[in-house]
Structure formats: structure tokens, C-alpha cells
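Here is a short briefing on surface charge and aromatic contacts. Please keep the sequence and the structure open while reading.

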Amino acid sequence: MKDKLSCTRLKTKHTKKLIICFVLLSFLIITPLSLAKSRSNYLIDFISSNRISDSEGFSNSVDGPLSYDATFYALEILKDFNEINYYVDSIELSELFGSIIDYKIDDDAMDLYDLYYLLSSINTLGQINNIIISNSSLNGKIINYLNQTNLITGGFSMTNTSSYPIVISTFLGIKCYEIINQEMNNALSHINWLLTCNNTDGGFGGNSTAVSSISSTNYAVLALNSLDSFNNLTSTTKEKIIQYAKSFYLSNGGYKPDTSLTQTVIWSTYYNIKIISMVSGSEYNDRLTTINWILDRQNTLDGGFSDPSTGIGSQNSSMSTSYNAYQTLKILNALDSLNSEIGLVEFNWYVLLGILVAIGFTAGLIFFLWKRRQI
């Protein structure tokens, strides 16, 4: 009886050892799956996953349609990492976008939003002279279109069939002239019109009668900056703009999009940080906390950046949100933080399941053979 009890204890002991070995083996095999790589590598992988082809641009989300703004965002980030030529054919993509501009203007389907991002992408690819400026026919069409949206009384309309100026289209129009290196004759009228959109709270409305918003304030400041008119603003006006932007800050490091909301999101954080940087240079609420808040928004599902999901399920990243996060870190001189390593982002559960099944089968076989030896 004593020998039988000792044998049972010995078997139990061996069983425990086997279980421990099984657990350790599982961790040893799974660990390579979760080995870290840099945040920047994950971000580039996310951008790559949104590429349609090397000559067709990028989508805003995986398997989405071609997006002009998402393509520009992707190219800007890839340019910083010297990766453009690896992912796109600069000449073919620029030619495609040039033909799209030509078609959309001829078909009366153009607006300044599309024109700005198409031209900006061609410019980022280094082909603005070859595709646009040296092409007298296409360049002439673009200039004519811009002149039609450029209102004598100040501001730009979004299309050449409208005479209603808004702040965002004014910024886009000014930048389009700049990209194609075309002089704009009535800059002062735009400066004066933009200043009529400045409200007493320090922010800017979308037009001269609208209430202030972060988006309109961002584009108004960008437009004034492009017109080199900040020196004409009084110190009181500048301080009000800064305080308006800083008022959206929350203690978690982000900036909310509206004073009535409690959720901080990436786009409003980027806009407010950009406003502060252009007007003051560095009067941020809490630079380090904002940096950490942005880094926490890197998505563990796909490597891009996204805001926390407010509904059921996980929130996937988008190119626009990833660009806003990246640019926020850039403004805050924190791009080095993307060199830090994090665990696996795009986890393949099918591979994991297969490995665990293989481990379980192997462990079961070992246990079975061990039991047979005890009989």
C-alpha cells in the first residue's frame, strides 16, 4: 500500500512537471509572435495596408476607395521616412492625378478640396513642375479655375459655380496658388475678410457671421500664416487665439472638439496644437502629457492611430487620424518616440490557434507515452 501511494505521488509529481514544461513551452513558442518592433514600423505597415497600388494612391481605410487626402497624408509620412519610392511610382501616380485634375475641371466636377490634395500629392512626389507647371494647357485650366473661386471682396468659394466664401476654401485656394507658384494679386482683401471671421472669444467662424469652431480657427490661422500676415495681428488678438485653443484641453493630454463635449479626439488635438504652435510657438498646456496621450492612441489591431471606440466592437485606424497623430508628434518635436518598441500589433489568431493545438497535441502524446511506460 505504501509503495502504491509512493508511486501515485511520483506520477503526480511527474504530471506537474509535465504541465509546467507545457506552459513554458507555450510561452517560448508564442513569445516570438509578440516580439516588439518600433512604433514607426507598425505605422508604415498600416500605411502599406491602405495602398491600392504603386500607381493608384491610397485609401483612408483598408479596402476602401481611392482617397485624395489619404494619399497626400500617406505620402507625407512616407516622405519623412524616405520610403516613397519603395511604395509608389512617383511619375505614374503624378500622371494619374494630373489627368484627374484635367478631367474634373473639364467636367465641372472640381472643388478646391480635391484640387488642393491632388496638387499637394503631386508636389510631395516632386513632380509639380513636370506634370502641372510645364503643362501650359493644364496649368492654364487650374489658374482659370482658381481665379473663378477667388472672390474680389475677399475669401474663396469652394467651387467656381459659387460666390459664397468660407474659411476652409479660402485656405485651400491660397495654398493652391502657392503650390503652382502663381502670384495672387488680391492678398490684402483675403486678409481683411479672414479678420472679419475672428470673434470676440478669440476663435474664428467659418464666415464673418458664424460662431467660432476649432476647425475654422485652424484654417483661418493657416491662411493668415500663408499670407505672412501674423505681424499685422495685435498681441491681444494673438493671445485670445492662443487661449481659445488652450481652452479645449483636458487633463488626459488631449483636446476636445467642442466645449460641450468631454471626449478628447485626435483631430481636435492636432488642430489645437497646430494653432498654438503657429501663433505662439510653444505655449502648450502640457506637452509631455499630450505626447503620451497620442502614443496611447496607436491601435493594437492595425498599427495606425485611432480614437477609442464609443460603440460596440473595436475601432480601426484611418489614414487621416494617423496623419493627425503623426503631425501632432512632429509639431511637439516628439517623433523620436516612434522609435520605441511595442508588442505585436496585427495579431493573427488563426496562427496562434494552430500553434496551441500543435502544442496540446504534442503534450498529450508525451503524456500518453509516459502513462504507457508506467503500466
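The notes below cover a charged patch, two aromatic pairs and an aromatic cluster. The model is predicted. It holds 20 aromatic pairs. Its surface carries a patch of negative charge.

**Negative patch**

- Four residues gather in this surface patch: Asp 54, Glu 56, Glu 92 and Glu 95.
- Asp 54 sits in a loop, with β2 (51-53) on one side and β3 (57-58) on the other.
- Asp 54 has 37% relative accessibility, so it counts as partly exposed.

**Aromatic pairs**

- The structure contains 20 aromatic pairs.
- Tyr 86 and Tyr 87 are edge-to-face, because their ring planes stand at 80°, with centres 4.9 Å apart.
- Tyr 86 counts as exposed, because its relative accessibility is 63%.
- Tyr 87 has a relative accessible area of 10% and is therefore buried.
- Tyr 270 and Tyr 271 form a tilted pair, because their planes lie at 50°; the ring centres are 5.8 Å apart.
- Tyr 270 is buried, at 6% relative accessibility.
- Tyr 271 is also buried, with a relative accessible area of 13%.

**Aromatic cluster**

- Tyr 270 and Tyr 271 belong to one aromatic cluster.
- The cluster also includes Phe 72, Tyr 73, Tyr 113, Tyr 116 and Tyr 117.
- Phe 171, Tyr 219, Trp 267 and Tyr 323 are members too.

Technical notes: Residues numbered from 1 in each chain as written. Predicted model: local features only at pLDDT ≥ 70, side-chain atom pairs only at ≥ 80, totals over all residues. Heavy atoms only, no water. Patch = residues over 30% accessible without salt bridge, like charges linked within 9 Å, V, L, I, M, F, W, Y side chains within 5 Å. Areas by Shrake-Rupley, 256 points an atom, 1.4 Å probe, with all protein chains shown as cover. Salt bridge = Lys/Arg side-chain N within 4 Å of Asp/Glu carboxyl O. Lys, Arg positive; Asp, Glu negative; His and termini not counted. Charge placed at Lys NZ, Arg CZ, Asp CG, Glu CD. Helix = DSSP H or I, 4+ residues; strand = E, 2+ residues; numbered from the N terminus. Buried < 20%, exposed > 50% of the residue type's maximum accessible area, 1.4 Å probe, protein only. Phe/Tyr/Trp six-rings, centres within 6.5 Å; stacked < 30°, edge-to-face > 60°.
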